[in-house]
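Please walk me through this structure, from the features of its chain to the surroundings of its ligand. I would like an account in running paragraphs that a structural biologist can follow against the model.

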Amino acid sequence: MTVTRETKDNALILWIDNPPVNALSQDVRAAILAGVTEAQNDASVKGIVIACKGRTFIAGADVKEFGAPPTEPFLPDVTAAIENSKKTVVAAIHGQALGGGLEIALACHYRIAAKGAKLGLPEVTLGLVPGAGGTQRLPRLIESTAAAEMIASGKPIDANKAKANGLVDSVAEDYVAEAIAFATTKSAENRRLSERAFQLDAAKFDALAAATRKQAKGAAAPGAAIDLIRRTAGKSFAEGMKEERALFLHLRASEEAKALRHIFFAERGSNKLPDDISDAKPIEVKTVGIIGAGTMGTGIAMTYLDAGMNVRMLEMAEDAVARGLARIQSSYRDSLAKGRITEAQRDQRLAALTGGTDYAALSDCDLIIEAVFESMDVKKAVFAKLDGVAKPGAILATNTSYLDIDEIAASISRPEAVVGLHYFSPANIMKLLEIVRAKKTSPQALATALSVAKATNKIPVVAGVCPGFIGNRMLRAYVREAGLLLLEGAAPEQVDKALTAFGMAMGPFAVADLSGIDIGYKARKEAAPGSFEPMATIVHDSLVEAGHLGQKSGSGFYTYKDGVKAPNPVALTFIEQVRSETGRTPRAVSDAEIVERTMFALVNEGYWIVEEGIARHIDDIDVAYVNGYGFPRHRGGPMCYARGVGLSKVVKVIEGFGQGAFGKWWRIAPALRNAAAAN
Ligand code: NAD
């Protein structure tokens with residue numbers, strides 16, 4: 001039974017117990033409806049409380065019902081029955097009231113929250129709007145722009161804020177007792193939100209609409225939610241509900257909702273152990289060693305400190321240790337100033353951190369992560385030392401971006417302990433963690449990597465060994481096409497604009513400036529001949545050699561004078577020079593071509609990665625790109641996007657690219673051809 005009934009102090013409590021998150025499955029909806037209906041004629045019941053067992057109030061719809069045709073009773077009928085109840089109904093909220101959970105609470109006559117509870121309508125994150133009255137009841141309860149903001153952002157608010165804006169009536173330690181008191185002493189009269197009207201403050205609303213559309217980067221649902229609320233202001237509740245329903249059904253069938261459901265499920269799959277070692281057990285990780293306290297090492301250190309683990313950082317010299325520690329201190333100082341952490345949390349994290357230069361300090365570490373310079377010789381020297389001091393059974397990880405982890409593993413006496421943990425910058429913020437399974441990585445090492453990903457709130461993707469693994473290998477193909485487009489006639493700014501209009505967080509040239517054009521330059525100088533198209537980065541190389549390294553030197557593809565970003569004339573001159581030296585007449589390049597060239601480069605490389613078994617599932621590629629490379633989530637990742645375009649069309653367009661001057665880079669992956677043929 002997912003819903004049980006308890007009578008206490010003249011109140012009927014409907015206890016929902018549907019672990020893990022008390023989702024609104026069909027049986028839960030039916031039992032709430034039955035409980036409320038039957039209580040109407042039960043003289044012993046003065047009021048009704050809806051409360052949940054376990055760790056949370058109703059945290060949303062049942063994911064098993066996603067995308068399937070809805071089954072009766074429908075949620076809007078359940079919320080209508082709650083609101084129409086003659087007897088007062090009160091929601092007793094702990095944990096999270098999300099989506100349909102908050103819509104149930106909005107239909108209740110009063111809402112009582114436990115301390116720390118969170119309330120939100122995250123439907124837009126699945127390409128939807130609330131479909132059971134959320135868009136109509138919330139603006140009738142709290143100020144309408146605040147309501148619209150909650151719905152369009154999808155972000156929950158906490159109990160204190162909800163009390164301040166009127167969403168909840170009380171925040172109480174003993175929230176169930178308080179809910180019983182409300183249910184048995186307060187009237188339902190004048191508490192039915194459907195009987196109220198709501199109006200807009202047009203100026204505030206316009207500002208919100210503009211900001212929402214800008215932030216959505218092409219996703220439709222947030223803007224559509226705002227428009228719906230604007231359209232229905234001043235109309236009757238019944239009319240508003242009709243419009244909400246129509247929009248909900250329209251969005252549910254959209255490509256955007258399909259893509260967002262796809263990535264939602266893909267993320268739930270990427271953290272599973274590979275089938276061949278599905279019974280592997282992780283070791284317990286309490287203390288983590290980090291070698292190298294640079295950009296990545298310090299970010300990785302904070303990732304583990306934030307999760308409550310001990311961290312020992314190791315550097316080559318004392319001044320480097322001091323710089324690393326200072327960097328972490330300053331980052332926590334910022335977080336404290338912004339109110340993201342408490343003073344106690346900062347103190348606790350800093351107390352769990354030590355730094356030094358002596359490898360002996362790492363002898364009690366369960367996991368050691370190397371984040372030193374990207375050089376095989378340096379990494380091998382570090383691993384040799386780790387081999388000497390790490391305790392038996394410790395996991396030894398490398399954060400390398402491109403190097404051969406099999407070679408690193410083979411250089412020590414315990415290759416089975418070695419795994420890749422490829423973090424993204426800034427490591428304490430970015431969600432993606434590529435876990436690289438080398439030839440000899442033990443099941444236990446891989447299981448531990450997946451379990452620390454979970455403990456540190458990362459979204460993992462398992463990859464095999466190849467230069468760049470999944471993400472950076474694909475990135476190379478994407479950067480190659482962006483670079484070649486410059487020689488053909490596009491300007492860096494046009495390429496960046498076309499791709500941000502597509503939804504990418506940043507364009508490739510802005511990214512190059514941000515991370516430093518010299519980083520790729522060094523890597524290219526050391527790479528095996530033939531692994532790069534030199535013409536694709538000839539402009540990058542000229543910029544580096546002329547001292548334009550990107551933002552850190554003040555200019556790169558763009559200049560950054562006084563905080564204003566503008567095309568760098570030097571870069572444009574270099575581009576023209578290369579064009580004329582190689583006899584190219586620049587042509588007009590359309591934005592559509594920019595998107596196809598760069599995106600299909602990702603897609604084709606993605607299919608090679610699947611073909612070679614570097615990714616264990618095609619969906620993992622989408623997870624990596626959405627969470628580590630700024631790919632627009634509402635397009636579901638590059639592989640999902642390609643299916644939306646049509647794989648046969650993708651193949652045809654790529655065949656055309658294959659006829660171009662740099663056509664040799666467009667070898668079509670057999671897995672792509674096969675998938676296109678199968679469609
Ligand atoms: P960085 O130059 O900022 O930091 C490297 C640090 O390692 C320096 O502080 C250096 O003093 C220290 N170091 C070098 N050799 C050492 C040794 N033998 N013992 C102890 N410490 C040593 O570099 P980074 O950007 O942090 O990159 C580190 C690694 O992470 C590289 O392998 C890089 O490819 C990889 N990576 C970088 C990024 C990124 O965006 N920067 C992203 C993913 C992976």
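A residue counts as buried when its relative accessible area is under 20%, as exposed when that area is over 50%, and as partly exposed in between. The model described here is predicted, and with these limits R437, which has a relative accessible area of 26%, is partly exposed.

R437 is a useful place to begin, since its side chain meets that of D276 in a salt bridge with an N to O distance of 2.8 Å. D276 belongs to the loop between α11 (255-269) and β10 (287-291), whereas R437 belongs to the loop between β16 (432-436) and α17 (443-455), so this pair ties together parts that are 161 residues apart in sequence. D276 has a relative accessible area of 56% and is therefore exposed.

In total the structure holds 41 salt bridges. Another of them joins the side chains of E243 and R231, with 2.7 Å from N to O. Here the partners sit in two helices, E243 in α10 (residues 237-252) and R231 in α9 (residues 221-232), so the bridge ties together parts that are 12 residues apart in sequence. R231 has a relative accessibility of 40% and so counts as partly exposed.

The salt bridge between D541 and R524, whose closest N and O atoms are 2.7 Å apart, also involves two helices, because D541 lies in α22 (residues 538-545) and R524 in α21 (residues 517-526), and the parts it ties together are 17 residues apart in sequence. Are these two partners buried or exposed? D541 is buried at a relative accessible area of 16%, and R524 counts as buried at 17%. Elsewhere, salt bridges that share partners join R480, E481, E488, R587, E593 and R597 into one network.

Aromatic rings supply another set of contacts, and the count of aromatic pairs comes to 10. Y110 and F182 form one such pair, which is edge-to-face, with 5.4 Å from centre to centre and 70 degrees between the planes. Since Y110 is in strand β6 (residues 110-113) and F182 in helix α7 (residues 175-185), the pair ties together parts that are 72 residues apart in sequence. Y110 is buried, with a relative accessible area of 9%, and F182 is buried as well, with 12%. The rings of F502 and F631 have centres 5.8 Å apart and planes at 75 degrees, so this pair, too, is edge-to-face. It links distant parts of the chain, 129 residues apart, with F502 in helix α19 (residues 492-502) and F631 in the loop between α25 (618-628) and α26 (638-645). F502 is buried at a relative accessible area of 5%, and F631 counts as buried at 2%. Ring pairs also link F66, F264 and F265 into a cluster.

The backbone has some features that deserve attention in the loops. A cis peptide bond, with omega of about -5 degrees, joins E72 and P73, and P73 lies in the loop between β3 (47-52) and α2 (75-84). The peptide bond from S425 to P426 is likewise cis, with omega near -10 degrees, and P426 is found in the loop between β15 and β16. N10, in the loop between β1 (3-8) and β2 (11-16), has a positive phi near 70 degrees although it is a residue other than glycine. N22, which lies in the loop between β2 and α1 (26-39), has a positive phi of about 55 degrees and is not a glycine either. As for their accessibility, N10 is partly exposed with a relative accessible area of 45%, whereas N22 is buried with 2%.

The ligand remains to be placed. It is surrounded by 21 residues, of which the closest are M296, E315, E374, K379 and S401. By class, this shell has 10 nonpolar, eight polar and three charged residues. A backbone N or O atom of M296 lies 2.8 Å from an oxygen atom of the ligand, while an N or O atom in the side chain of E315 is 2.5 Å from a ligand oxygen, and one in the side chain of N399 is 2.8 Å from a ligand oxygen. The protein covers 78% of the 830 Å² of accessible area that the ligand has on its own. The elements that give two or more residues to the shell are α12 (295-306), α15 (376-389) and β15 (418-423), and the largest share, three residues, comes from α15.

Terms used
Residues numbered from 1 in each chain as written. Predicted model: local features only at pLDDT ≥ 70, side-chain atom pairs only at ≥ 80, totals over all residues. Heavy atoms only, no water. Near = heavy atom within 4 Å. Polar contact = N/O pair within 3.5 Å; in protein donor to acceptor, adjacent residues only side chain to side chain. Areas by Shrake-Rupley, 256 points an atom, 1.4 Å probe, with all protein chains shown as cover. Helix = DSSP H or I, 4+ residues; strand = E, 2+ residues; numbered from the N terminus. Nonpolar A, V, L, I, M, F, W, Y, C, P; charged D, E, K, R; others polar. Salt bridge = Lys/Arg side-chain N within 4 Å of Asp/Glu carboxyl O. Buried < 20%, exposed > 50% of the residue type's maximum accessible area, 1.4 Å probe, protein only. Phe/Tyr/Trp six-rings, centres within 6.5 Å; stacked < 30°, edge-to-face > 60°.
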